[in-house]
Amino acid sequence: TFGGIMTAYLVWRGMRLDSIGFWRGISSAAGLAGTFVYHFMARRMSLIQTGMWSVVFQFFCLSLSYASLFMDDFSTSLAMLIAGVCASRVGLWVFDISV
């Protein structure tokens, strides 16, 4: 999530605080969207399948964030990191509700 460590890292990499605030809001909205995705998925598959789908989705998104650490281009690296963290919030909240 966009906690203190993530915020400090993004500031260290040169990102402006207003941009960080914007992406923290997007990340929170993605978490909220996860509650709606849960209801959509739970109607179409079992509770166990919904939980497994969310774990796999979250792992994929966080793998994207992990891969960003090895990119040479800083702007691409930050974009991958932020996109992966924001999208992983959907999987996190779907799993949290399904458990």
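User: Which loop does Gly 14 lie in?
Analyst: This is a predicted model, where local features need pLDDT of at least 70, side-chain atom pairs count only at pLDDT 80 or more, and totals for chains, interfaces and linings use all residues. Residues are numbered from 1 along each chain as its sequence is written, and side-chain values use heavy atoms, leaving out hydrogens and water. Helices are DSSP runs (H or I, at least four residues; strands are E, at least two), numbered from the N terminus. Gly 14 sits in the loop between H1 and H2.

User: Is Gly 14 buried or exposed?
Analyst: Relative accessible area decides: under 20% is buried, over 50% exposed, in between partly exposed (1.4 Å probe, protein chains only). The value for Gly 14 is 58%. Therefore Gly 14 counts as exposed.

User: Which helix gives the largest share of the largest nonpolar core?
Analyst: A nonpolar core joins buried Ala, Val, Leu, Ile, Met, Phe, Trp, Tyr and Cys residues through side-chain atoms within 4.5 Å. The largest has ten residues, among them Phe 2, Met 15, Ile 20 and Ile 82. H1 (4-12) and H4 (74-98) are the elements giving two or more residues to this core. The largest share, five residues, comes from H4.

User: Which residues does Met 15 contact, leaving aside neighbours within four places in sequence?
Analyst: Contact means heavy atoms within 4.5 Å. Met 15 is one of the core residues. Its contacts are Leu 10, Ile 20, Trp 23 and Ile 82.

User: What kind of aromatic pair do Trp 53 and Phe 57 form?
Analyst: Rings of Phe, Tyr and Trp (its six-membered ring) pair if their centres lie within 6.5 Å; planes under 30 degrees apart are stacked, over 60 edge-to-face, the rest tilted. Both residues lie in H3 (residues 47-68), four residues apart. Their centres are 5.4 Å apart, with 10° between the planes. The pair is stacked.

User: What is the angle between the planes of Tyr 66 and Phe 70?
Analyst: Both residues are exposed. Their pair is edge-to-face, at 5.2 Å centre to centre. The angle is 75°.

User: Which class of packing angle do H2 and H3 have?
Analyst: Axes are lines fitted to C-alpha atoms, for helices over the stretch in contact, with angles from 0 to 180 degrees between N-to-C directions. H2 (residues 17-44) and H3 pack at about 135°, with axes 9 Å apart. Under 35 degrees is roughly parallel, over 145 roughly antiparallel, 65 to 115 roughly perpendicular, and the rest oblique. So H2 is to H3 oblique.
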